[in-house]
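Q: How should a few features of a structure be read, one by one? Please take the interior, a helix and the ring contacts in turn.

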Amino acid sequence: MVLSLLLAASSAVAAGRGHQAMLTLDSHLDTPASLDLPGWRIEDAHDVDIDFTQVDLPRMRKGGLDGGFWVVYTPQGPLDAAGKAAARDFAFRRLLSIRDMVASHGKTMELALTASDALRIAKAGKRVVYISMENAYPLADDPSLARSFHAMGVRMLGLAHFANNQFADSSTDPGGPRWNGLSPLGRELVKEANRLGLVVDASHASDAVLDQLLAQSRAPIILSHSGCKTIYDHPRNVDDVRLRRLAAAGGVIQINSFEHYLKALPRNTERDAALGALSDRIDRPGLSVTEYRALLAERRALVARYPVEHATFDDFMAHLLHALKVVGPDHVGIGLDLDGGGGVAGMKDAGALSRITTALRAAGYDDVAIEKIWSGNLLRVVAAAQAVADPLTP
């Protein structure tokens, strides 16, 4: 008994070393939202149970996460001129905050612009910072504005979010489709994205959008943070037929850990309303550190007052293993949506990510396949998108 325990412990240590040696990238990190929190710093160690954030440099080191795509996320707002202008300005500010984070941590982080940058940066002992844009809403009615975001480092573009916008239908708009897929402006944006070498991201977009992207795009498509409809029938998830079409076109599905997309969970409307009202107060600009910490204490009290069932690490793995079964290890990756609602019981933050490697090994995948899942497939799609770009694109 003692010998078997020692052997198991030794195996776990060896597996941990192997995970740390892999190039590991997450395709959807919403952590840039944390950069604007009062007193919050990426170099400090935070506790998800204290301030509810999930990614920082200490936890990335602990979990063996080399980096990934750091998201410029813009909430969907009114589709009028004022709303689009406000969204444009917000997105540029968020992009600048990512650039400032990298510039302020030159010894530990570096901006990645090409597929080949990631390994070089990781070998130098730094964290890899690609930039993506979630929701094309800030581009207003001008697909050419994507050039400005590209020039500032954006290398992935998600077309929609929770609601339909001027470019594409969302999978979750309560009013149903507006365009039955891409709008005419959206088709122009896809052409511009291909010309620039931007990876086109179909997460959050409707099934019709994915179908049309697969038909139109000259480069493979990514689902940067999605799940499998066979495991849980949710509009945000993708059916097996489309997964196979995605793979046949060279694309990749990156499996997310947003618990309400992993399984059916009971909702507590009173809890949701209280947390929503509190979030509005936390998001108020100009908060002092003291005010912010007091609001966090209120949030911890609310969470304790309304305990709920959570999805688990096994629920996440069910989606990951199903995708691997359907399309194989050349077309599956990791995009957990940390700091954007992701995280499950047993994997609540970036410090626990080696569990994925351990579970994949237990499922029979070797390290070659696992490193494809962690980074190889994602970087292949980045390289393929850049390969079809206009050679004159800076």
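Cavity, helix face and rings

A: The largest cavity holds about 70 Å³ of space in this predicted model. Ala202, Ala205, Asp207, Arg236 and Val238 are the closest to its centre among the 14 residues that line it.

Q: Which elements each supply at least two residues of the lining, and what classes does the lining have?

A: Helix H8 (207-216) and strand S7 (221-226) each supply at least two. The lining has six nonpolar, six polar and two charged residues.

Q: Where do the buried residues of helix H14 lie, seen down the axis?

A: An α-helix has 3.6 residues a turn, so residues three or four places apart point the same way. In H14 (residues 354-362), Ile356, Thr357, Ala359 and Leu360 are buried. Their directions fall within an arc of 165°, so these residues line one face of the helix. After H14 comes glycine 364, with a positive phi near 100°.

Q: How many aromatic pairs are there, and how is stacking read?

A: Planes under 30 degrees apart count as stacked. There are four aromatic pairs. For phenylalanine 92 and phenylalanine 149, the ring centres are 4.2 Å apart and the planes are at 5°, so this pair is stacked. Phenylalanine 92 belongs to helix H4 (residues 81-104) and phenylalanine 149 to helix H6 (residues 146-151), so the pair ties together parts 57 residues apart in sequence. Phenylalanine 149 is buried, at a relative accessible area of 1%. Phenylalanine 258 and tyrosine 261 are also stacked, at 4.5 Å centre to centre and 25° between the planes, and both are buried.

Q: Which ring has the charged end of arginine 299 over it?

A: That of phenylalanine 52, with the charged end 3.9 Å from the ring centre. The charged end of arginine 355 sits over the ring of phenylalanine 313, 4.0 Å from its centre.

Terms used
Residues numbered from 1 in each chain as written. Predicted model: local features only at pLDDT ≥ 70, side-chain atom pairs only at ≥ 80, totals over all residues. Heavy atoms only, no water. 1 Å grid on protein atoms, 1.4 Å probe; cavity = no way out; pocket = protein on both sides within 12 Å on 5 of 7 lines; lining within 4 Å. Points joined across faces, edges and corners; volume = space filled by probe spheres on them. Helix = DSSP H or I, 4+ residues; strand = E, 2+ residues; numbered from the N terminus. Nonpolar A, V, L, I, M, F, W, Y, C, P; charged D, E, K, R; others polar. Buried < 20%, exposed > 50% of the residue type's maximum accessible area, 1.4 Å probe, protein only. Arc of directions from axis to C-beta. Phe/Tyr/Trp six-rings, centres within 6.5 Å; stacked < 30°, edge-to-face > 60°. Lys NZ or Arg CZ within 6 Å of the ring centre and 35° of its normal.
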